[in-house]
Amino acid sequence: MTSALPSLHRTRLARALCALAFVLPLAACLGDGDDGPSSSTPPAPPPAVEPTPKTISLKLLGRYSAGEFNVSAAEIPAYDAASKRGFIVNARNGVVDVLDLNDPANPKHIGTLDASAIAADAEINSIAVHDGIVAVAIQAAEKTAPGYAAFYRADTLALLGQVGVGALPDMLTFTPDGKTVLVANEGEPSDDYQTDPVGSISIIDISDPASPVARVADFSAWNGKEAQLREQGVRIYGPNASAAQDFEPEYIAVAPDGKTAWATLQENNALARIDIAAATVTDILPLGYKDHGQDANALDASDEPAKIDIRAFPGVRGMYLPDAIAAYAAGGKTYLVTANEGDARAWGEDNDAYWAGDASKGFVEEFRVKHLVHANGFARRRGDDLPPQLDALAAGALLNPATFAYCGATAGDPGACRDDDILGRLQISWTLGYRKDAFGNPVRFNAQGLEDANGDRVMYDHLYAYGGRSFSIWDENGQLVWDSGAQFERLLASDDCKLGPDRDIPCADYFNSGHDEAGTLDSRSDAKGPEPEGVEIGVMGSKTFAFVGLERMGGVMVYDITDPLAPAFVDYFNTRADWADEPSDDNLSTMGDLGPEGLKFVPADQSPTQQPLLIVGHEVSGTTAVYEVSRVLE
């Protein structure tokens, strides 16, 4: 056996000869040593360039079922390329199910990660994976107490380290270099809203995963600035809440350069911008509202009668209220992609004392238009669905006839606007839209619709509905670049749209159905429609695609977002197989996939099949679906 030492001597000798005799061929300078290729060794080929697809489509490849219906047994997926393992948060059990994806057509359950070694009765809420390290967000047994982030090896599931974070850590993500993990500490209140922890972002240095170090980017700098933020369009409305308490970070996206992050503040209809190195929230970016009075932003606002009725409604504004967010680069700039789910605060809704009038037992902001503007006022709904905070605001509400004349509103009379087939069934937030004075106090009107300081009515100039029923692209300053408008609902209503693994069921037959019911036409139109919740980015060649999960209707929308100014629809795939029967534990095996929650794109060079994959967790069916991203090449 030849030792390494003589080889080193030969290398040094060859270099010396090169220095003395420049006429020696270049090959002689490189050929004798270990530091360069010999004349008989061809140079290594350059890395393969991924081809750019002309278009793509989704195809069901495989599925793992937890076997439990409507208990959130499959939510957030992640993937480790080296071990070819999938990880899926099973919120039903508060653990992570570990799947063998060597054969993604047949995922196999091979283990679990739980938080029992971290804290008693703790539950895992979210997961992310980077280069063999699994990071999990762990909720304490009491959700208003501080939680944890923990780190494991993907291949052995061995615990590497843990660190404390804020209350209710609900999502976490790595920076691109894998050295830092950011955690969205949502800080939701207790159900009676008497305990309301602050929201925050934990920024964790995991250079040594065995000893992670956490810093906190909090919102204390905005305490005392609530009025200014509201004037800018940020929703701050929790009972007696400071800005820091009211801000509830939901989801985080990190810029490609790893320097900046953005967190969705869903209920606040805003984004928080974070300087990662400084561990500081630098800006609160209000997202504004969507004008449903424009045809491009039309919606179906009613579930009764059950029919497709997509149209513009002047005076109705959509609160984007995004859940998931992702970041990507285009033209040297960073853009943000949001799934505009919509989410109402509904605390204490199962407490009879709250509905009996005890405002200390919760806070519910949803109310139907037909009850809001009834000529007889609010008292008729006491003990039923009248939030006591709304009852305290006024005795009743009116619609501004200057805005809502198109549906028959006049002074003191809502006309046909409150009819079920127009706006009556629409769920809106009573906290927004009524006229206020310069000090933020409600302007009073009498029952005849005349401004009257002694009146007991408030006047709604606009109605604010939940979610955009869309996905949006924003610039890094939170300015809207593009929105899908009414495209989702119009596609689902079209003859071209098909449902099922074989794409053979008309979407229009089950338009705006719910994920936990028999395919009931139009049942979600009065709420948030198809309800886009999750979003994932996939880069293939020179193109960038967005995958958007529709929580209620189900399925995944696919768009080419390479040009953020002009995204293009590519595909819609929904693998619910049985639309006629009401889902249950008894028919779960034939039902297919219900209620997509989280999505994970797997690039071709990391995939066990060498084809791109999309892994989707479905919380209602408890299934983890693996889709192949089929490419049609240029």
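## Burial and the R63–D593 salt bridge

A residue is called buried when its relative accessible area is under 20%, exposed when the value is over 50%, and partly exposed in between. The structure described here is a predicted model. D593 has a relative accessible area of 2% and is therefore buried. Its salt-bridge partner is R63, with the closest N and O atoms 2.9 Å apart. This pair connects distant parts of the chain, 530 residues apart: R63 belongs to strand β1 (residues 53–65), whereas D593 sits in the loop between α11 (588–591) and β37 (596–602). R63 has a relative accessible area of 33%, so this residue counts as partly exposed.

## Further salt bridges

The structure holds 27 salt bridges. One of them joins E188 to K143, where the closest N and O atoms are 3.0 Å apart. Because E188 lies in the loop between β11 and β12 and K143 in the loop between β7 (133–139) and β8 (146–153), the pair ties together parts that are 45 residues apart in sequence. Both E188 and K143 are buried.

Another salt bridge is formed by E248 and R345, with a distance of 3.3 Å between the closest N and O atoms. E248 is placed in the loop between α4 (243–246) and β14 (249–254), and R345 in the loop between β21 (333–339) and β22 (346–347), so this contact ties together parts that are 97 residues apart in sequence. E248 and R345 are both buried. Elsewhere, R524, K528, E531 and R552 are joined into one network by salt bridges that share partners.

## Negative surface patch

On the surface, D191, E349, D350 and D352 gather in a patch of negative charge. D191 is located in the loop between β11 (180–185) and β12 (200–205). The loop between β11 and β12 is also the place of E188. The relative accessibility of D191 is 41%, and this residue therefore counts as partly exposed, whereas E188 is buried.

## Aromatic contacts

The structure holds 20 aromatic pairs. In the pair of F404 and Y406, the ring centres are 6.3 Å apart and the planes stand at 35°, so the arrangement is tilted. The tilted class covers angles that are neither under 30 degrees, which count as stacked, nor over 60, which count as edge-to-face. The two residues also differ in their cover: F404 is buried at 0% relative accessibility, while Y406 is partly exposed at 39%.

A separate description applies to F471, W482, F488, Y559 and F569, which form one aromatic cluster.

## Backbone features in loops

The peptide bond from E304 to P305 is cis, and its omega is near -5°. P305 lies in the loop between β18 (289–291) and β19 (316–319).

Positive phi values occur at D121 and L157. D121 has a phi of about 60° although it is not a glycine. This residue is found in the loop between β5 (108–113) and β6 (123–130). With 63% relative accessibility, D121 counts as exposed. L157, likewise a residue other than glycine, has a positive phi near 65°. The place of L157 is the loop between β8 and β9 (159–167).

Terms used. Residues are numbered from 1 along each chain as its sequence is written. This is a predicted model: local features need pLDDT of at least 70, side-chain atom pairs count only at pLDDT 80 or more; totals for chains, interfaces and linings use all residues. Side-chain values use heavy atoms; hydrogens and water are left out. Patches are made of residues with over 30% relative accessible area and no salt bridge: like charges are joined within 9 Å, nonpolar side chains (Val, Leu, Ile, Met, Phe, Trp, Tyr) within 5 Å. Accessible areas come from the Shrake-Rupley method with a 1.4 Å probe; for residues, only the protein chains shown count as cover. A salt bridge is a side-chain nitrogen of Lys or Arg within 4 Å of a carboxyl oxygen of Asp or Glu. Lys and Arg count as positive and Asp and Glu as negative; His and the chain ends are not counted. The place of a charge is taken as NZ of Lys, CZ of Arg, CG of Asp or CD of Glu. Helices (H or I, at least four residues) and strands (E, at least two) are DSSP runs, numbered from the N terminus. Buried means under 20% relative accessible area, exposed over 50%, partly exposed in between (1.4 Å probe, protein chains only). Rings of Phe, Tyr and Trp (its six-membered ring) pair if their centres lie within 6.5 Å; planes under 30 degrees apart count as stacked, over 60 as edge-to-face and the rest as tilted.
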